[in-house]
Amino acid sequence: MDASVFLAGHWQRRALFCPQALDAAAWTIEPEDLLSVAMEDAVSARLVTRNEQGFVLENGPFAEERLDDLPDSAWSVLVQAMEVWEPRYHGLIALFDFLPRWRIDDVMISLAARDGGVGPHVDQYDVFLIQVAGRRRWSFGGPVSRLVEGAPLRLLSRFEPEERIVAEPGDVLYLPPGVPHDGVALDDGCTTLSVGFRAPGLVDLADRLAEAAAARWQEEVEEEPRFTDPGRAPADDPWELPGADVVRARAILQDALDDPALVARLLGEQVTMPRLPPPPPEDTTDPDDLARRLAGGARLERWSGSRLAHHDLGSGDGMLFVDGEALPCSPELAAWLARRDSVTQDDLHECPDAREACSLLAELVNRGSFGIAR
Ligand code: SIN
Ligand code: CO
């Protein structure tokens, strides 16, 4: 389907089942490779099994003995952020380049035995469910019921799906936020990739507003917008917090939100927060040292978990967002750098400003977002 047709008719609105939309063989993963990631210390992974009482959730990382001891059927191992552990999944993310990269959260992979699943639930985020091995029966749609109380998973207490399909390798099911769904594995080795999306909520944005405002006025404390009330009338009731004061406070907040640079900063910082923090750099550098190393044949490689985005503030000012932080630079350089997986001396020849690039890259190396490969 043409991207604009999908975006107009389905994105955020309606489910879409696309049989044989991609080459499953290109994106599948050996069960042992997925399970070995589920044992990594920094992993975000879940194991869902079932007993007489219902679903049982265990959180990873898992010991090898636990994964060796799975029942014959009805289990699922789900691993988040697989693109960090297996960088080839960035190639899968690239298939969604009709949407901004910042919108993508991660590639989750679930491996299930026959009858495995996580139960009927609703997600708050868009998701593309890509079947790459075995078959999975998806039931979806219908009303959203209350959640089962006290369950470890956020299960729906009633599920009356409107549609049922069986996804085979290569099939893709898109679900917008808020559509109840349940996927049950029909075969052992059932492998489903979920490309999930980010949609920052008010709580996160407000948190970031506080941080961005603190950074903005750190150096100019005297300039920080503050409550003022010249010409106020004598108080009738000195214990009252008058409505007019609420209006004055609201104006301070509103003025902050009317500052596009501040809002760009808080949004960019929030949506480039990495799923895993970058590894501490093996090697630190400075701009001159880095320029020398690149000239000597070194190659910089972006860490597989780093998230970058660029923004043009106008009037020649730009911002590069990297792993939850904003770095001011020219808009051209920010756009050049945000999309790079690697940087060599040859690349620097094509870049808008090699000197500015080296100082920005040195900063990124020192933060662990890029590494120096020899
Ligand atoms: C799964 O892949 O097992 C569950 C994914 C989902 O329903 O969000
Ligand atoms: Co779901």
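The questions and answers below concern a predicted model, beginning with the surroundings of its ligand and moving on to its strands.

Me: Which residues surround ligand 1, and how many of the residues of the shell are nonpolar?
Reply: In this predicted model, ligand 1 is surrounded by L78, M108, S110, H121, D123, L129, R136, W138 and H181. When the residues of this shell are divided by character, three are polar and two are charged, while the nonpolar ones number four.

Me: Which residue has a polar side-chain atom that lies 2.8 Å from an oxygen atom of ligand 1?
Reply: Three side chains of the shell can be considered here, and for H121 an N or O atom is 3.1 Å from an oxygen atom of the ligand. H181 likewise places a polar side-chain atom 3.1 Å from an oxygen atom of ligand 1. The distance of 2.8 Å belongs to a polar side-chain atom of S110.

Me: How much of the accessible area of ligand 1 does the protein cover?
Reply: The polar side chains just described include that of H181, with an atom 3.1 Å from a ligand oxygen. On its own, ligand 1 has 260 Å² of accessible area, and the part of this that the protein covers is 93%.

Me: Which elements give two or more residues to the shell around ligand 1?
Reply: The shell includes M108 and S110, as well as R136 and W138. The elements that contribute two or more residues to it are β5 (104-112) and β7 (136-140).

Me: What is the order of the strands in the open sheet of three strands, and what is the average twist from one strand to the next?
Reply: The strands of this open sheet pair in the antiparallel sense, in the order β8-β7-β10. Its edge strands, each of which pairs on one side only, are β8 (163-167) and β10 (181-185). From one strand to the next, the twist averages 15 degrees.

Me: Which residue of β10 stands opposite R137?
Reply: The strands β7 and β10 run antiparallel and are joined by five bridges. Across this pairing, the residue in β10 that stands opposite R137 is V184.

Me: How many of the residues of strand β14 are buried?
Reply: Strand β14, residues 317-322, pairs with β13 (residues 308-314) in the antiparallel sense over six bridges, and five bridges join β14 to β15 (residues 325-329), again with the strands running antiparallel. Strand β14 is mostly covered, and of its six residues the number that are buried is five.

Me: Which residues are the bridge partners of L320 in β14?
Reply: On the side of β13, the bridge partner of L320 is H310. In β15, the bridge partner of L320 is L327. The two partners are therefore H310 and L327.

Me: Which residue in the turn between β14 and β15 has a positive phi?
Reply: The hairpin of β13 and β14 has two residues between its strands, and S315 in that turn has a positive phi of about 50 degrees. The hairpin of β14 and β15 also has two residues between its strands, and there a positive phi of about 45 degrees is found at D323.

Me: Which residue of β17 is the bridge partner of R299?
Reply: Strand β12 (residues 299-302) and β17 pair in the antiparallel sense over four bridges. Strand β17 (residues 370-373) has a covered face with F370 and I372, whereas G371 and A373 form the uncovered one. The bridge partner of R299 in β17 is A373.

Me: Why does I104 count as buried?
Reply: I104 is found in strand β5. A residue counts as buried when its relative accessible area is under 20%. I104 is therefore buried, since its relative accessible area is 4%.

Definitions and conventions: Residues are numbered from 1 along each chain as its sequence is written. Chains are lettered from A and ligands numbered from 1 in the order in which they are written. This is a predicted model: local features need pLDDT of at least 70, side-chain atom pairs count only at pLDDT 80 or more; totals for chains, interfaces and linings use all residues. Side-chain values use heavy atoms; hydrogens and water are left out. A residue is near a molecule or strand if one of its heavy atoms lies within 4 Å of it. A polar contact is a pair of N or O atoms within 3.5 Å; within protein, one must be able to donate a hydrogen and the other to accept it, and residues adjacent in sequence count only if both atoms are side-chain atoms. Accessible areas come from the Shrake-Rupley method with a 1.4 Å probe; for residues, only the protein chains shown count as cover. Ala, Val, Leu, Ile, Met, Phe, Trp, Tyr, Cys and Pro count as nonpolar, Asp, Glu, Lys and Arg as charged, and the others, Gly among them, as polar. Axes are lines fitted to C-alpha atoms, for helices over the stretch in contact, and angles run from 0 to 180 degrees between N-to-C directions. Buried means under 20% relative accessible area, exposed over 50%, partly exposed in between (1.4 Å probe, protein chains only).
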